[in-house]
Every structure is written in C-alpha cells, then in structure tokens.
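Colleague: I would like to go through this model feature by feature. Please give the general idea each time, then the case at hand.

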Amino acid sequence: MTTAPPRPALPQDCTFDAGDWSILAQHCYPVALSSEIGDAPTAVRLLEETLVAYRVGGSVVVPNGICPHRGVPLSLGGGDPARACLPNSRSPNGTRPPTSSGPTAS
C-alpha cells in the first residue's frame, strides 16, 4: 500500500478548496517578468501565498515572502539575499538575536 505525500499547509485565509490548492501548488507559474526582478526584493503573490522574488548571482529566487525568524515581509528589503533573511534576523552562528528592537530593513 502506498501513502499519499503530505499536503502542504494552506496559506492563511486561503479561499481555495484545500484539494484544489494542493493540486495547483505542485506546479510552477510565472509571477513576474524577468526584467522586473532585480537585486532588491519584490513582493509577489501566487495562489494566495505571499512570496518575494529577487536575484542572487544573476539567478532569480522566489522563497516564501515572510521572514521565518521574525514573521515580517522580506520585501522590506536589505538583509542577506543568499539566505532570504532580514538584517539582524539571525546572527552568523545561527542563534536568534533579541527581538525587542524589531527587524531592521533597508
């Protein structure tokens, strides 16, 4: 007996049927023209999910648009684009800095 792969979590406030979203999310879709994407982060939406698009070393990357450490939009800019983090989001040793001052964005 084979088991179905786990379904990804639906975006918050998703209006898609869960089954439809799971099928649609398995495919690639254009979110912007290549000429529209530069080194600075650009917010994009796909299937009601917030993403961010930018270039690293000439290649376009499109990760989740929310900083996993601070929960703020990566489209605010700055940070380390190779790791998709805002400044001060994580220190070089991988630990979280204090959050009382909030994120720093360029």
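Colleague: Which residues does Glu 49 touch, not counting residues up to four places away in sequence?

Modeller: Contact means heavy atoms within 4.5 Å. Under that rule Glu 49 touches Pro 11, Trp 21, Val 44 and Asn 64. The C-alpha atoms of Glu 49 and Pro 11 are 5.6 Å apart in space, with their positions 38 residues apart in sequence. Glu 49 is found in strand 2. Before going on, note that this is a predicted model, in which local features need pLDDT of at least 70 and side-chain atom pairs count only at pLDDT 80 or more, while totals for chains, interfaces and linings use all residues. Residues are numbered from 1 along each chain as its sequence is written, and side-chain values use heavy atoms, with hydrogens and water left out.

Colleague: Is Glu 49 buried, partly exposed or exposed?

Modeller: Buried means under 20% relative accessible area, exposed means over 50%, and partly exposed lies in between (1.4 Å probe, protein chains only). Glu 49 has a relative accessible area of 26%, so it is partly exposed. Over the protein, buried residues make up 23% of the 106 residues.

Colleague: How many helices and strands does the protein have?

Modeller: Helices (H or I, at least four residues) and strands (E, at least two) are DSSP runs, numbered from the N terminus. Here there are 1 helix and 3 strands, and the pattern along the sequence is α-β-β-β.

Colleague: What is the strand order in the sheet?

Modeller: Strands of a sheet pair through backbone hydrogen bonds, either parallel or antiparallel. For counting purposes, two strands pair if DSSP finds at least two bridges between them. In this model, 3 strands form an open sheet with the order 1-2-3 and antiparallel pairing. Strand 1 and strand 3 are the edge strands, each pairing on one side only. From one strand to the next, the twist averages 30°; axes are lines fitted to C-alpha atoms, for helices over the stretch in contact, and angles run from 0 to 180 degrees between N-to-C directions.

Colleague: How many bridges join strand 1 to strand 2?

Modeller: There are 5 bridges between strand 1 (residues 42–46) and strand 2 (residues 49–56). Thr 42 has Ala 53 as its bridge partner in strand 2, and Val 44 has Leu 51. On the other side, strand 2 pairs with strand 3 (residues 59–61) over 3 bridges, where Val 60 is the bridge partner of Arg 55.

Colleague: Which residues in the hairpin turns have a positive phi?

Modeller: The hairpin of strand 1 and strand 2 has 2 residues between the strands, and Leu 47 in its turn has a positive phi of about 50°. Leu 47 is not a glycine, and with a relative accessible area of 17% it is buried. The hairpin of strand 2 and strand 3 also has 2 residues between its strands, with Gly 57 in the turn at a positive phi of about 60°. Away from the hairpins, Asp 13 also has a positive phi, near 60°, in a residue other than glycine. Asp 13 sits in the segment before helix 1 and is exposed, at 65% relative accessible area.

Colleague: Why does Leu 51 count as buried?

Modeller: Leu 51 counts as buried because its relative accessibility is 11%. Leaving aside neighbours within four places in sequence, its contacts are Thr 42, Ala 43, Val 44, Leu 46, Val 62, Pro 63, Asn 64 and Gly 65. The C-alpha atoms of Leu 51 and Gly 65 are separated by 3.7 Å, although the two residues are 14 apart along the chain.

Colleague: Which residues form a nonpolar patch on the surface?

Modeller: Patches are made of residues with over 30% relative accessible area and no salt bridge (a side-chain nitrogen of Lys or Arg within 4 Å of a carboxyl oxygen of Asp or Glu). Like charges are joined within 9 Å, and nonpolar side chains (Val, Leu, Ile, Met, Phe, Trp, Tyr) within 5 Å. Here Val 31, Val 60 and Val 62 form the patch, with about 190 Å² of accessible area together. Accessible areas come from the Shrake-Rupley method with a 1.4 Å probe; for residues, only the protein chains shown count as cover. Val 31 lies in the loop between helix 1 (18–24) and strand 1. The protein exposes about 7,100 Å², and carbon and sulfur atoms supply 56% of that area.
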